[in-house]
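Biologist: I would like to learn how the words we use for a structure follow from its values. Could you take me through one, step by step?

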Amino acid sequence: MPTIKGFTGAGIFTIAALATAAAQAQELKIGIMAVLSGPQAVLGGQLRDGFNLGIKHAGGKLGGLATTVIVQDDELKPDVAVGKARQLIERDKVDFVVGPVFSNILLAIQRPITEANVFLISPNAGPSPLAGKSCNPFFFNTSYQNDQPPEVLGKFAQDKGFKKAFLLAPNYQAGKDMIGGFKKHFKGEIADEVYTPLGQLDFAAELARIAAAKPDAFFVFMPGGMGVNLVKQYRQAGLDRIPFLSVFTVDESTLPAQQDAAVGFFSGMTWAPNTDTPANMKFVADFEREYGYVPGSYAMQAYDAAQLIDSAVKAVGGKLADKAAMRAALRKADFPSVRGAFKFNSNGFPIQDFYLVKVAKRPDGKFQTEIVQKVFSSYADSHAADCPLK
Amino acid sequence: MCERADPGDTMSTPLFVVQLFNGLQLGVLLFLVAAGLTLVFGVMDFINLAHGVQYMLGAYLAVTFYRLTGSFFASVLLALPASMVFGLALEVAIFRHLYERDHLEQVLATFGVILFLNQGVKIVWGAAPLNMPIPDILSGSIPLMEGLRYPVYRFAIIAAGLAVAVALYVFVTATRVGMLVRAGATNAPMVSALGVDIKRLFMIVFGFGAMLAGFAGAMVAPILSVEPGMGDQILILAFVVIVIGGIGSIRGAFIAALLVGVIDTLGRSFMTDMLRLVLAPSTARVIGPALASMTIYLLMAIVLAVRPAGLFPAKGRA
């Protein structure tokens, strides 16, 4: 059957031609998964902008390869996120997925992505299962393990000698985890531990209880709009003489709304916009010029994720298919993190320093967190021991 | 770590008084939102889930006018007619076509309006929460209890809300339009049959309700952050209020709003401590917050069991 033979020959020729073309113009495809709608969209926006700046600083080519970014909005819904993760893998055939902001989304998309042997870099979420027993060779985290930021405040409160603390958090899992993290190092008296309904916006009743309990320190986890309200009302109620220790309550995503009300309030983080490294100075200055707002940790960690991918793709000479070599290169974390010293633990989570940071008003009238003191040095999370990876 | 078992100083009299004020303030805000809702529901038999959006818009409009004028009072005054105009525009464009439909369709359509406007607000003003300062004249505070300054502004909210309640009471009981509104709440078809332009009456009620909700939004802008979706939560509470108070009844809405505000606040502040008297502290800490957020719904269930039409049903509806 000559016709059929002819067809087959042509087919083989076409495939060969395509393969050559692909080798000549090799492309790096990265999927970004972040919440870009709803009340938390500000955080997803920071993530996306931080990552894009990282690509820009690499001349538009991460690891020397032409880089395409496909942005997906996870809508903060795990089912939506899984669907979009599958699209990124099957339709767009991405080499990396970077995201998301929230831990519940990460736990949902982690399996479909890593099971397809695609690398997943989390620039923010760091839930404990992925740091411990369910750690994964295709997963890396460029932020911190979720337990660690509240531990910074607990340690600080303990070292400072505060006798009595009042704790406040929303009534859901993350709220309880944050309170647990604080109590890990704080051994003083807990005046009270109050959980409010998620989404509560008026804290007048809780503030009166704080005043009645007369604590030496106040520890709170109130993300997003809840934190904006709490900070304003805390200041209005004149409770600001009680040290305000917090996580994810006063940061660059909420400060534009909190403004002066948050000045002097404490938080725990691995970095602040005034971290004194040359890489960070360049990052912050270029970020503000490009996007017109002060970057927060969400942007910083995404920027580092871009640097991480850049370093690894370079190290393997652009051979994206060699997953083992790529993993080894990622594991080395051979890039100048803007926060300073940074290396990966066996579970793919960072070993890094943690700082007490404080809100300040800059001379130009904008607000940012600033480093006060180092609380932990080269601090690894406590779950790595449960991770079977080496 | 020691748990404090003695609830003595966490349940002191000054704290109780402060919490009563907090409850009153929440109640007054709820009343402003619920007043419009109960009238619209009572007079037009129209379920408007988008009423919470009016509250959100009031806050956004106030912030916008504040940025333009720099004056708190001017911005609140401007936000009132603007909220009303917006409410009327929604009425003419969308809601008017739903009055004859059944409740399920109204719920669906007005829910769509919520989604649309929450997203619309984000496109216009951005997703980040906005901020509006307390005016200087109201920025002081009163030391009601040791260590706590009670902002004068919160008293101003209570006062403004009570003033509106009185004005509304006079309006509904002593004016001709008020009489028609009451008549409409009792039997709208009959009012129409007697030659009253019911469409115009509906528009007045609707615009007025939107303005009251907008006023509530403008008043909370300095103490709460102004953000998309801020109206969704208060809407649920407002529905609880009008069901407890009796649909269509301003007086019922007022009493029920204060009741819900005070009970919710006291529950949130004292439930855990009260449970601690009978339960282990750790158990109380788990059950307390859960039970506290249930109290108003328990109240609603009890009221409905005893008086199915609410505490003060509009005459003729019960």
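Modeller: Gladly! Let us start with a definition: the expected span of a helix is 1.5 Å times one less than its number of residues. Please keep in mind that this is a predicted model.

Biologist: What span is expected for helix 8 of chain B, and what does the helix reach?

Modeller: Helix 8 covers residues 230-245 of chain B, which is 16 residues. At 1.5 Å a residue, 22 Å is expected. From its first C-alpha to its last, helix 8 reaches 24 Å, close to that value. Just after helix 8 comes B:Gly246, with a positive phi near 105°.

Biologist: Why is helix 8 of chain B called largely enclosed by the rest of the structure?

Modeller: A residue is buried when its relative accessible area is under 20%. In helix 8 of chain B, 12 of the 16 residues are buried, so the helix is largely enclosed by the rest of the structure. Among these buried residues are B:Ile234, B:Leu235, B:Phe239 and B:Val240.

Biologist: What covers the buried residues of helix 8?

Modeller: The cover includes helix 1, helix 2 (51-69), helix 7 (198-220), helix 9 (250-278) and helix 11 (295-306), each in chain B.

Biologist: Helix 1 sounds worth a visit. What makes B:Gly27 count as buried?

Modeller: B:Gly27 sits in helix 1, which spans residues 13-44 of chain B. Its relative accessibility is 0%, and the cut-off for buried is under 20%. B:Gly27 therefore counts as buried.

Biologist: Which residues is B:Gly27 in contact with, leaving aside neighbours within four places in sequence?

Modeller: They are B:Ala257, B:Leu258 and B:Gly261. B:Phe254 is 227 residues away from B:Gly27 along the chain, yet their C-alpha atoms are separated by 8.2 Å.

Biologist: Now the whole chain. How many helices and strands does chain B have?

Modeller: Chain B has 11 helices and two strands. From the N terminus on, the order is α-α-α-α-β-β-α-α-α-α-α-α-α.

Biologist: How do you know that chain B is as compact as a globular protein of that length?

Modeller: We set two values side by side. The radius of gyration of chain B is 21 Å, and the globule rule gives 20 Å for 318 residues. These are close, so chain B is as compact as a globular protein of that length. As for burial, 53% of the 318 residues in chain B are buried.

Technical notes:
Residues numbered from 1 in each chain as written. Chains lettered and ligands numbered in written order. Predicted model: local features only at pLDDT ≥ 70, side-chain atom pairs only at ≥ 80, totals over all residues. Heavy atoms only, no water. Helix = DSSP H or I, 4+ residues; strand = E, 2+ residues; numbered from the N terminus. Rg over C-alpha atoms; globule rule 2.2 N^0.38 Å. Buried < 20%, exposed > 50% of the residue type's maximum accessible area, 1.4 Å probe, protein only. Contact = heavy atoms within 4.5 Å.
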